[in-house]
Amino acid sequence: MIETTTLIENNIMDFSIDIDKNDRFHLLCITKKGDLQYYIYVNGKWLKNTLTKLNVKSNHYKYLTVKFVKNSIHIFYSYSNLINSQIWTIVHIVGYKDKWEKKNIISITPGKFMSPFFIDYDKFDNIHLIYSNMYKGIQHIYYTSFSSFLKRWMPAPKKISDLSADNIHPYMFIDRRNTVHVVWSILDHEKIKLQYKQLPSSKNYKNNWKNIKLPSISSKCTFPLVFESNNNLKIQYKANNQLNSLISDNYGATWHIDESINNISIDDITFIEYGSNYNVEKLNSKINHIYGDFKENIILYGTNLLMKSVKSSNHSLNNLSSMNNKTRLDSTNRTDILPNKHTISHTNTIKINLDNSNRQPSSSNDFKEQGIKSFVSKNNLNIDSMLSKAKRESETKNNIEENIYKNVKELDEKIVLKKNDFNKIIKQLENLELLIEKYKEESKEFTETLEAIKEKNNLNDSQISEIQSQISEIKDIISNSNKSNILERILNIFK
């Protein structure tokens, strides 16, 4: 029997839950009165704290999200003023120990409906955000990120959609190789198709997005999501009132139809927020959201995961998600709201139990029983050994990541320290360029002056030559003529 606990008697507007590496649950909710309440599950008890009072009389709040990253709590939500409901602001609240900081990430005008935004974080604890916004009357997809070292968001989000058609239902996922995957639907007249891009980890800060072609699908594709299971990437989406899937075995370089999901009715599926601390699962899988159903068992489609459930737990989960809305999409009227949402956060344990209560004792049975117990004990030891090995590998991985974090942080600090010197060098280079331009102008003026002097000098030389010629001619006249007509001939020279 699964134990259920009522945390809040009053109705709530929204909620979100996450689990940290120490198996502590972090639950955030917004009550109808506007209280932003934070619950943490420690040592079998729920501890409660009211973080702040939200103005629910003047503002509308949507898409509360909580993530525990390293030793920090990150809270996200969007809000708009009821008077001017066309403008929405995405807010980020960070909790470092006993200190809380609130930042407005971006204010947007998404149009008639505010679509959900999605966040994920990489191995260096940088947080990535995807959202949709109107640009020149068309819905587009935008990306931004938060640096865990600089403690700030990108100054200018990047528009990653480039088609002149409405881009809707964006979803983002970061795999275990640190690659960012974004998938969304493109609404072009009567056609609704999928668009997929990825940002490789080695180029995260250069924003060199790769546009990768997906298989041609004739049906309307809506509400896609991405996850990693058994070292394969999968894109699940809704089409023709059924759940469909694409699969990639080369980290998203190419995709093909996933034949393992067939004829699953949309009426039987639920959008599930998922988290797990099971080390064996984390070795080859990562799931943030997935489609599944809640009946006698909780089935997560596209994985080999199946969790036992009972009707009472189904009832409690349904109550927990009672604030969520149905989703409808067609060519003339659409609501960009996610389908019904449930949350699963769990830790898995492996146990092998042996029940002999209905067996008659006998020496033969006792012998067999001892053999079975020995087999079970041996396998339990093997399982414990595997889990210990996985834990050691995880600790080694964490140590490597911490060393990378320290090195990157030191490099980032050196860059910040050298930034002023770099700016001074740039300024000096700019001054030198101005000085060179000044020298060029002066050199040009000097050259022009020299050319004028040279021209004047040539003119003088010509005049001097002419005078010398006249002098020589006068001399010839004097030496070869009579005195009576000398003066007349000289005067003729200068006529």
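Let me start with charge. On the surface of this predicted model, a patch of negative charge is formed by Glu430, Glu433, Glu437, Glu441, Glu442, Glu445, Glu448, Glu451 and Glu455. One of these residues, Glu445, sits in helix 3, which covers residues 363-480. For anyone thinking about electrostatics, note that membership of such a patch requires over 30% relative accessible area and no salt bridge.

Now the sheets, beginning with strands 1 to 4. These 4 strands make an open sheet in the order 1-2-3-4, and the pairing is antiparallel. Which strands are at the edges? They are strand 1, residues 12-19, and strand 4, residues 45-53, and each of them pairs on one side only. On average, neighbouring strands in this sheet are turned by 20 degrees against each other, with direction ignored.

Let me look at one pair here. Strand 3, residues 35-42, runs antiparallel to strand 4, and the two are joined over 8 bridges. Within strand 4, the residue opposite Val42 is Lys45.

Next, strands 14 to 17. Here again there is an open sheet of 4 strands with antiparallel pairing, and the order is 14-15-16-17. The edge positions belong to strand 14, residues 166-174, and strand 17, residues 210-211; each has a single partner strand, so one side of each is left without a neighbour in the sheet.

What joins strand 14 to strand 15? The pairing between strand 14 and strand 15, residues 180-188, is antiparallel and extends over 7 bridges. As for individual residues, Asp166 has Leu187 of strand 15 as its bridge partner.

To recap: a surface patch of negative charge that includes Glu445, an open sheet in the order 1-2-3-4, and an open sheet in the order 14-15-16-17.

Notes. Residues are numbered from 1 along each chain as its sequence is written. This is a predicted model: local features need pLDDT of at least 70, side-chain atom pairs count only at pLDDT 80 or more; totals for chains, interfaces and linings use all residues. Side-chain values use heavy atoms; hydrogens and water are left out. Patches are made of residues with over 30% relative accessible area and no salt bridge: like charges are joined within 9 Å, nonpolar side chains (Val, Leu, Ile, Met, Phe, Trp, Tyr) within 5 Å. Accessible areas come from the Shrake-Rupley method with a 1.4 Å probe; for residues, only the protein chains shown count as cover. A salt bridge is a side-chain nitrogen of Lys or Arg within 4 Å of a carboxyl oxygen of Asp or Glu. Lys and Arg count as positive and Asp and Glu as negative; His and the chain ends are not counted. The place of a charge is taken as NZ of Lys, CZ of Arg, CG of Asp or CD of Glu. Two strands pair if DSSP finds at least two bridges between them. Axes are lines fitted to C-alpha atoms, for helices over the stretch in contact, and angles run from 0 to 180 degrees between N-to-C directions.
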